[in-house]
Amino acid sequence: MARTRLAGAARVARWADAALRPGRDGGTPDGKGTLSEATAEGAAADLGLSTAQVRADWDTARLAGLVEVHGDSARPGWRLRAWNRDDSAVLRGWVALFDAWSLAHPEPEDREPAAVAEVVSAMPQVLSFLQLSAGPVPMEQLLDLLEQRVTELRTARCEVSYGPQPEAAPEGPAVADAELAPLLDWALHALASVGALTYGDGQATLTPLGSWAVWVKLEQICVAAQSPAGNIEQPAADMLRGCAQLRPNAARAEYRAWLAARPVGSAVTELLDAARGEDALTRGLAFEALRVVGAPAEPDVRAVAGENPLRPYALLWLAEHDGHDPEDAHEVLTREEATWLWVDTAAAVADHGEAPLLVRHLESAVQPTVPALLDAVRAVGHPRTVQVLVALAAAHPDPALAKAVRRAAFQVHTGGS
């Protein structure tokens, strides 16, 4: 289902990969990752599509990570490279699109941004209700639930008055319904546009794909991960994923057992190959395993210090190996390298962790304020920036901060400032 939903985006991304390689005409230098008119027309002619469809599929490809924008150019993402051989890459691409639903459909222009942000913050509860209902739900019920959730958000900000109310107060809910109904309609249309639900005849129903995604997110919150077994016989990437939910001491014991079962040289090579993969969590765990290897890994780690995805991890590893206190090792990184590492770690938390962990990750940023962090994150050009900011905005309990983060995600997505 995810492949079908993203088929058009993958087709346009593959066309761009073949037609817009370096040295060929048609790329765009605008820094937004958009297609020039000539490029869109060329793609439409080659693919038998309208230019509007090409642009829509290109936008989906960017949100799903099939295309990554770097500086003033766009290039194929790892998910496009892994499309034919890795089902998990396809599913992650669709989940990235699902998480960015609020960017996939234009929001109402006549609504206050604060009200839009409240609805975006409240929609996880609406989606959970749809998932638990396992069938069509009338919009009236969803609107009632949305109103309750928005009221909770406003109460948490002390925006709901307590004590005796004016006589007109009983009409308050009706006013809220009138305010929220167009926004709920927008949100349901946006979620339908990414394939999470169907919406028509005054009711909404999660698609099987949408139900699966919501179930997985609920499971991440409600179900404790089971300890893995049999990791010693697994390839490095599988072993690292198997150790992801272990406590640090248990994970180190697993790394030692895995290393003891194979030659050091080939083990280090395998760990570094795993670190080059798409999963940021695996990248971080690979360097934790290399810390267990110790000195024999130094030449190989030093050799990869020039590789962009691995550089911050390698520099920290080498600093600790050279005697720096682990608490101070981050000082060897430039501000840009530290910011890139912050985004990469946030991507790992967003993919595999829980919302409170992502919120606490804010505290580890080297920038003193959230606006400074967002400016640095926008500038550093990490390919997962939009997905990380969308996930952080969805997780953060402070609506004002979530709104700022969501605005930054939109600016990165559109190339604005």
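## Helix α22, its neighbours and a pocket

α20 passes α22 in a right-handed crossing. This is a predicted model, and we can use that pair as the way in.

The contact between the two helices involves V370, L374 and R378 from α20, together with L401, A404, V405, A408, Q411 and V412 from α22. Sorted by class, these residues are 7 nonpolar, 1 polar and 1 charged. The axes of α20 (residues 370-380) and α22 come within 11 Å and cross at roughly 15 degrees. Angles under 35 degrees count as roughly parallel, so α20 is roughly parallel to α22.

Now for another partner of α22. The axes of α21 (residues 385-395) and α22 (residues 399-414) come within 8 Å, with a crossing angle of roughly 160 degrees. That makes α21 roughly antiparallel to α22, and their crossing is left-handed. On the α21 side, the residues in contact are T385, V386, L389, V390, L392 and A393, and they meet A402, V405, R406, A408, A409, V412 and H413 of α22. This contact has 10 nonpolar, 2 polar and 1 charged residues.

A third pair lies elsewhere in the sequence: α3 (residues 37-47) and α4, whose axes come within 8 Å and cross at roughly 105 degrees. That angle makes α3 roughly perpendicular to α4. Here E37, A40, E41, A43 and A44 of α3 touch T51, V54 and R55 of α4. By class, the contact of α3 with α4 divides into 4 nonpolar, 1 polar and 3 charged residues.

Here are the three pairs together:

| Helix pair | Axes come within | Crossing angle |
|---|---|---|
| α20 and α22 | 11 Å | roughly 15 degrees |
| α21 and α22 | 8 Å | roughly 160 degrees |
| α3 and α4 | 8 Å | roughly 105 degrees |

Both α4 and α22 turn up again in the lining of the second largest pocket. Which helix supplies the largest share of that lining? The answer is α22, with 6 residues. Alongside α22, the helices α4 (51-63), α7 (101-104) and α8 (113-133) each supply at least two residues.

The second largest pocket holds about 510 Å³ of space. Its lining has 23 residues, and those nearest the pocket centre are S102, L103, E107, R406 and F410. One of these, R406, also belongs to the α22 side of the contact with α21. By class, the lining of the second largest pocket has 10 nonpolar, 5 polar and 8 charged residues.

Conventions:
Residues numbered from 1 in each chain as written. Predicted model: local features only at pLDDT ≥ 70, side-chain atom pairs only at ≥ 80, totals over all residues. Heavy atoms only, no water. Axes fitted to C-alpha atoms, helices over the stretch in contact; angles between N-to-C directions. Helix = DSSP H or I, 4+ residues; strand = E, 2+ residues; numbered from the N terminus. Parallel < 35°, antiparallel > 145°, perpendicular 65-115°, else oblique. Left-handed = near helix turned anticlockwise from the far one by under 90°. Contact = heavy atoms within 4.5 Å. Nonpolar A, V, L, I, M, F, W, Y, C, P; charged D, E, K, R; others polar. 1 Å grid on protein atoms, 1.4 Å probe; cavity = no way out; pocket = protein on both sides within 12 Å on 5 of 7 lines; lining within 4 Å. Points joined across faces, edges and corners; volume = space filled by probe spheres on them.
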